[in-house]
Amino acid sequence: MTVKEIADRLKLKAVCAEENTERTVTGCYIGDLLSLVMSKAQSGDAWITIQGNINVPAVASLTDCAMVIIAENMQLDSAALSRAKQEGIPVYTSEKSAFDLACGIKECL
Amino acid sequence: MADTMKLHYTVDADDFTVAGEASGAVKKVLKQLGFSSDIIRKVAVAMYECEINMVIHADGGVIDVEITPEKIRMIHSDKGPGIKDIEKAMQEGFSTADEKVRELGFGAGMGLPNMKRYTDEMNITTKIGEGTVVDMTVYVK
């Protein structure tokens, strides 16, 4: 399923969804410690986190994640938003927990 | 060697907003040169970890990158406080980062281990009070 289709299915709120929303999501990773995310997240993953700082789009880009979902209604700060736009990383937020989001994504894969 | 590409970057101290710019730029260059995504990921993650370390622990520094068809070498030099105990610093989970850094998602004690994991060669030269040089190479196999 594509980024956009997953966003629709899970009722995610788009924060940065101007580019790369037709990309297919192939997996999912949950993590907030960025070094761990960098060593474990795979290309094409939907990355679920509660972090919303400037380093999030950088890590998503380096690991080639298909999308970032910020759980528990946490927000992306403005510096991070402009970096996400610059890198073309789709970012969404949700009031759901990381667990609920991951369960929803599993059904989409 | 004629086909060596040399790149140079400056990393500012205490500025997370620019951390990742050098690794992001190198990633783009490697992509344009047609390196595999596996090689690009290794180089980009190792460089990013090192950049973040320079921002957190040192007063910034400089990065020199040499790209040939056979290998990518990244030399990170800073004038920071130096690493007291390299063996300890290489252990996963060991970190001297403060609370502010941890809130940003770093300080998990994975930086140096990640750099080692993602590179084929890694040499650290450090002197207390003078600085650290992290020299890493990824071979293109």
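**How do we know? Core, sheet and contact**

Modeller: Of the 70 residues in the largest nonpolar core, those touching the most other members are A:Ala46, A:Met67, A:Val68, A:Ile69, B:Val43, B:Ala46 and B:Met47. Helix 2 (residues 37-56) of chain B gives the most to this core, with 12 residues. This is a predicted model: local features need pLDDT of at least 70 and side-chain atom pairs count only at pLDDT 80 or more, while totals for chains, interfaces and linings use all residues. Residues are numbered from 1 along each chain as its sequence is written, with chains lettered from A and ligands numbered from 1 in the order in which they are written.

Colleague: What makes a set of residues a nonpolar core?

Modeller: Its members are buried Ala, Val, Leu, Ile, Met, Phe, Trp, Tyr and Cys residues joined through C-beta atoms within 7 Å. Buried means that 20 or more other C-beta atoms lie within 10 Å of a residue's own, placed from the backbone.

Colleague: Why are strand 1 and strand 2 of chain A said to stand at the edges?

Modeller: The open sheet has 5 strands in the order 1-5-4-3-2, with mixed pairing. Strand 1 (13-16) and strand 2 (27-30) of chain A each have a single partner strand, so one side of each is left without a neighbour in the sheet.

Colleague: How do you know that strand 1 of chain A pairs with strand 5?

Modeller: Pairing needs at least two bridges found by DSSP. Here 3 bridges join strand 1 of chain A to strand 5 (residues 91-93) of chain A, and the two run antiparallel, so they count as a pair. A:Cys16 stands opposite A:Val91 in strand 5 of chain A.

Conventions. Helix = DSSP H or I, 4+ residues; strand = E, 2+ residues; numbered from the N terminus. Buried ≥ 20, exposed ≤ 12 C-beta atoms within 10 Å, placed from the backbone.
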